[in-house]
Amino acid sequence: MSESFEIRSSLKSYRIRIGTGLFRLTDAQSDDLFVVSDAGLAQYWPQLTHPRNIGIEAVESAKTLDTVARVIEQMRRLGAQRQSRMIAVGGGIVQDVATFCAACYMRGIDWSYYPTTLLGMVDSCIGGKSSINVGAYKNIAGNYYPPDEIVIDTDFCRTLPRTEQIAGLCEAAKICFAHRDDSFERYLGLTEPQQFLQKGQFGEVIALSLRTKKHFIEADEFDQGERLLLNFGHTFGHAIEGASGYAITHGVAVGLGMLAALHMSKSLGLFDTQPARAQALAQHVEQLLRHVAGLSEAVLTISPAAALDKFKSDKKHRKTQYAVVLVDGGGYLVRHFIPVDPNSEALIMAAFESIRRPYS
Ligand SMILES: NC(=O)c1ccc[n+]([C@@H]2O[C@H](COP(=O)([O-])OP(=O)(O)OC[C@H]3O[C@@H](n4cnc5c(N)ncnc54)[C@H](O)[C@@H]3O)[C@@H](O)[C@H]2O)c1
């Protein structure tokens, strides 16, 4: 399959292409082309052994201002000018660092992005956000600076470990569930067949997820209203990710975070019996998580108290209220504010406790 569409943004409108065999560094000989890539990918993609390639280790501890400074310094040393173009090749870690660097380097240069993880392809590649960790605070610094083009070559999925595929599917499920139209039913239709994971053909899911996310971005470019629903699973998920010392990967933590948010929705009385739509989501996420090696052991290392601590540092909370995205009695997402007090904190801890169980 191949597909192409445009995202309209007040900052810049940009085109997305999805297909196979799309990754090539055009103008590779040009002095004005600079590559920022996941250092682990050159073993699969020899094109990345480029004279002006700057490698980043794709680990959460590298998503820092120090890495941003190192990339900017290397670009300068390699001769990047205001007219130069950056090509970023990698998953969400590379994207977050590259977005920040492209925006800051000489006050902004053109750039293109080739996502290489399923999470990058179904979710993070559009929307133009960067998120950088500072000290213990995840995603606390950032900006909006969309690339000029996004090229999704699904061939990158062939070398992607199973856990990373599951991480991407958790994010795609979340995006489709967040929309009130039939995106979630269509998502389930594409992913339910038994052989779906074995076949490894993700093109249609990527296109569905991105078209659904496009709805949220174009409706609310700067996270002031509807787009905030996409934080479903994230306030809990970031806490789970952090409390596991990043042993649980981001998308998998979002999957667990959605289950924790469902638990919290019930504790707060948003429903007595889980609505059918939410039940379908929970079943699907449970099925996906079964394929994540070592998850049952990893969740036991998470202390609910440590997770609560991380939960409290989420940037979306207010001084006296925790902000969470929950599920209502109809099975749809709602933004919810709960008081910052011991009672709420006991419920949050119970939600974290609920995900500490076997998954396979
Ligand atoms: N800016 C945004 O809008 C946004 C949205 C969602 C997530 N994020 C961030 O993205 C990060 C997670 O990114 P991610 O899940 O895409 O993964 P990642 O960049 O952390 O990569 C995960 C692992 O997969 C490997 N890998 C990448 N591509 C590969 C390929 N094609 N074949 C084999 N191995 C490959 C990497 O080397 C790494 O080991 C988190 O820090 C999260 O906060 C950002």
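This briefing goes through helix packing, salt bridges, cysteines, a surface patch and some backbone details of the structure shown above. The model is a predicted one, and the values below are computed from its atoms. The structure holds 19 salt bridges, whereas a search of the whole of it finds zero disulfides. Two helices, H5 and H12, are described by their buried residues, which in H5 line one face of the helix and in H12 likewise line one face.

**Helices with a buried face**

- Helix H12 spans residues 304-312, and its buried residues are Pro-304, Ala-307, Leu-308 and Phe-311. Because these buried residues fall within an arc of 105 degrees when H12 is seen down its axis, they line one face of the helix.
- The cover over the buried residues of H12 includes helix H8 (234-243) and helix H13 (342-354), together with strand S10 (321-327).
- Helix H5 covers residues 183-191, in which Ser-183, Phe-184, Tyr-187, Leu-188 and Thr-191 are buried. Seen down the axis of H5, the buried residues fall within an arc of 135 degrees, so they too line one face of their helix.
- Among the elements that cover the buried residues of H5 are helix H4 (162-178), helix H6 (196-199), H7 and helix H10 (276-289).

**Salt bridges**

- Side chains of opposite charge can pair when their charged atoms come close.
- Lys-138 forms a salt bridge with Glu-60, in which the closest N and O atoms are 2.8 Å apart. This pair links distant parts of the chain, since Lys-138 belongs to strand S8 (residues 137-141) while Glu-60 sits in the loop between strand S4 (53-56) and H1, 78 residues apart.
- Both partners of that pair have low enough accessibility to be classed as buried, Lys-138 with a relative accessible area of 17% and Glu-60 at 13%.
- Lys-138 and Glu-60 also belong to a network of salt bridges that links them with Lys-63, Asp-96 and Glu-241.
- Arg-357 forms a salt bridge with Glu-286, and the closest N and O atoms of this pair are 2.9 Å apart. Here again distant parts of the chain are linked, with Arg-357 in the segment after H13 and Glu-286 in helix H10, 71 residues apart.
- Arg-357 is partly exposed, with a relative accessible area of 26%, and Glu-286 counts as partly exposed at 24%.
- Asp-182 and Arg-186 meet through their side chains in a salt bridge with an N to O distance of 3.7 Å. Asp-182 is partly exposed at 41% relative accessible area, and Arg-186 is also classed as partly exposed, at 45%.

**Cysteines**

- Why is Cys-101 not bonded to Cys-104, which holds the closest cysteine sulfur? The two sulfurs are 7.1 Å apart, which is too far for a bond. Cys-101 is buried, at 0% relative accessibility.
- For Cys-125, the closest cysteine sulfur is that of Cys-157, and the distance of 11 Å is likewise too far for a bond. Cys-125 counts as buried at 1% relative accessibility.

**Surface patch**

- Leu-65, Val-134, Tyr-137 and Ile-140 make a nonpolar surface patch of about 330 Å².
- Within this patch, Leu-65 is found in helix H1 (residues 65-77) and is partly exposed, with a relative accessible area of 39%.

**An exposed glutamate in H7**

- Glu-204 is found in helix H7 (residues 203-219) and is exposed, with a relative accessible area of 53%.
- Leaving aside residues up to four places away in sequence, Glu-204 touches Met-1 and Leu-190.
- Glu-204 and Glu-3 are 201 residues apart in sequence, yet their C-alpha atoms are 9.3 Å apart in space.

**Positive phi angles in loops**

- Met-106 has a positive phi of about 50 degrees although it is not a glycine. Met-106 lies in the loop between helix H2 (92-104) and strand S6 (110-115), and at 34% relative accessibility this residue counts as partly exposed.
- Tyr-246, which is not a glycine either, has a positive phi of about 65 degrees. Tyr-246 lies in the loop between H8 and helix H9 (250-267), where its relative accessibility of 33% makes it partly exposed.

Definitions and conventions:
Residues numbered from 1 in each chain as written. Predicted model: local features only at pLDDT ≥ 70, side-chain atom pairs only at ≥ 80, totals over all residues. Heavy atoms only, no water. Buried < 20%, exposed > 50% of the residue type's maximum accessible area, 1.4 Å probe, protein only. Helix = DSSP H or I, 4+ residues; strand = E, 2+ residues; numbered from the N terminus. Arc of directions from axis to C-beta. Contact = heavy atoms within 4.5 Å. Disulfide = S-S within 2.5 Å. Patch = residues over 30% accessible without salt bridge, like charges linked within 9 Å, V, L, I, M, F, W, Y side chains within 5 Å. Areas by Shrake-Rupley, 256 points an atom, 1.4 Å probe, with all protein chains shown as cover. Salt bridge = Lys/Arg side-chain N within 4 Å of Asp/Glu carboxyl O.
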